[in-house]
Amino acid sequence: MQPHEIKPDTGLCTILGYNAQTGYMRRYFNKIMKRNGINATAIALNIKDEHFDFTMANVGKSKVTQMMIEKEFGAKAIPYCENLNDCAQREGRVDFVEVADGKVQGFCLDDVAKAFYDKPEFLDDQIIFVTKMMLIAHRWFDAEINVDDIPLLIGEKE
């Protein structure tokens, strides 16, 4: 989705990372939204290490309610979360955070993503990653989860 396509009824979420605007999270998330015909997009915030602490310390006070965290900041986000799901506690990193009543909650989706497959140990990281993007899109915008679409999403040109 291009900036001029964002309308008052467009669903929004945020991605935080070094190269969030051009990274895989935004690319696959927006492909999933488009494939599902959902009017939603991810607003990407490119930040540097020196801005991460300020950003995360203030996310609970901001208008952000849903934020994907790029891989480089997954572990660094843990101290800013008041609650973590079991996977995030075990893995020591988050894939996304949600803010409710000013409280930041962190989530890791490894367990849920791998549960879609009989033998997840044979899958590459990209398939698990796109599965996580489908899970987030479903959680926030009720997008369909169809793992059979993953090879199509990976193979699609921009």
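Okay, so look at Leu-16: it stands opposite Leu-45 in strand β2. This is a predicted model, by the way. Strands β1 and β2 pair in the parallel sense, over seven bridges. If sheets are new to you, strands of a sheet pair through backbone hydrogen bonds, and they can be parallel or antiparallel.

Now zoom out to the whole sheet. It's an open one with six strands, in the order β2-β1-β3-β5-β6-β4, and the pairing is mixed. Which strands stand at the edges? That's β2 and β4, residues 83-84; each has a single partner strand, so one side of each has no neighbour in the sheet. And lying across β1, β2 and β3 we've got helix α1, which runs at about 170° to β2.

Next up, the cores. The largest nonpolar core has 29 residues, and the ones touching the most other members are Phe-29, Ile-32, Met-33, Met-68, Met-133 and Ile-136. Two or more residues each come from β1, α1, β2, α5 and α6, and α5 gives the most, with nine. Take Ile-136: leaving out residues up to four places away in sequence, it touches Phe-29, Met-68, Phe-96 and Leu-109. There's also a second, separate core of 18 residues, including Ile-47, Cys-81, Ala-88 and Val-99.

Last one: Gln-66, in strand β3. Buried or exposed? Buried, because its relative accessibility is 16% and the cut-off for buried is under 20%. Beyond four places away in sequence, its contacts include Leu-12, Trp-140 and Val-97. Gln-66 and Val-97 are 31 residues apart in sequence, yet their C-alphas are 6.0 Å apart in space.

Note on methods
Residues numbered from 1 in each chain as written. Predicted model: local features only at pLDDT ≥ 70, side-chain atom pairs only at ≥ 80, totals over all residues. Heavy atoms only, no water. Helix = DSSP H or I, 4+ residues; strand = E, 2+ residues; numbered from the N terminus. Buried < 20%, exposed > 50% of the residue type's maximum accessible area, 1.4 Å probe, protein only. Contact = heavy atoms within 4.5 Å. Core = buried A, V, L, I, M, F, W, Y, C linked by side-chain atoms within 4.5 Å. Pairing = 2+ DSSP bridges. Axes fitted to C-alpha atoms, helices over the stretch in contact; angles between N-to-C directions.
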